[in-house]
Amino acid sequence: MTRVNFYDHVEDALLRFAVIIARHNGKWVFCKHRERSTWEVPGGHREAGEDILDTAKRELYEETGAVDFVIEPVCIYSVIAPDNFDGAESFGKLYVAEIHTFEKELHSEIERIAIMDELPERWTYPEIQPKLLEEAGRRGFLPE
């Protein structure tokens, strides 16, 4: 069973991922990876020596083509899953972003993005991503 926990702070060196809940003109922005048929929020791995905010900005650009946006931190999250990192707790930082402008083409493993009124039914990480959105809403970062 996958567990998702939330924190206000952990040691920076523990942060391995950045995930960004993205919106555009009041709608949700989701990504579809080329090798999957499901939807996900933008995000990804932190590169060596990279500031976690820079990770979030890079991933948002790479996965959505966002070039003009406002981004802010929500909290730290962790995932404990038996099939991930040998069941060890892995940490990431959760952000929200309002995207104002997109590039015309994507330059990553993402096949396409969708701007949706409603949340998707088919999530890439159904045990994790809906909980991240729920926590961001609980903390007042998303519209009700």
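**Notebook: aromatic rings**

I began with a group of rings and found that Trp28, Phe30 and Trp123 form one aromatic cluster. The model I am reading is predicted, so to speak of local features I need pLDDT of at least 70, and side-chain atom pairs count only at pLDDT 80 or more, while totals for chains, interfaces and linings use all residues. Residues are numbered from 1 along each chain as its sequence is written, and side-chain values use heavy atoms, with hydrogens and water left out.

I then looked up the pairing rule, under which rings of Phe, Tyr and Trp (its six-membered ring) pair if their centres lie within 6.5 Å, with planes under 30 degrees apart called stacked, over 60 edge-to-face and the rest tilted. By this rule I count 3 aromatic pairs.

One of them is the tilted pair of Tyr7 and Phe91, whose centres are 5.8 Å apart and whose planes meet at 50°. I noted that this pair links distant parts of the chain, since Tyr7 belongs to strand E1 (residues 3-7) and Phe91 to strand E6 (residues 90-102), 84 residues apart; strands here are DSSP runs of E, at least two residues, numbered from the N terminus.

For burial I used relative accessible area, where buried means under 20%, exposed over 50% and partly exposed in between (1.4 Å probe, protein chains only). Tyr7 is partly exposed at 28%, whereas Phe91 is buried at 9%.

Returning to the cluster, I found Trp28 and Phe30 paired in a tilted way, 6.5 Å centre to centre with 45° between the planes. Trp28 is buried at 11%, and Phe30 is buried at 1%.

Conventions: Helix = DSSP H or I, 4+ residues; strand = E, 2+ residues; numbered from the N terminus.
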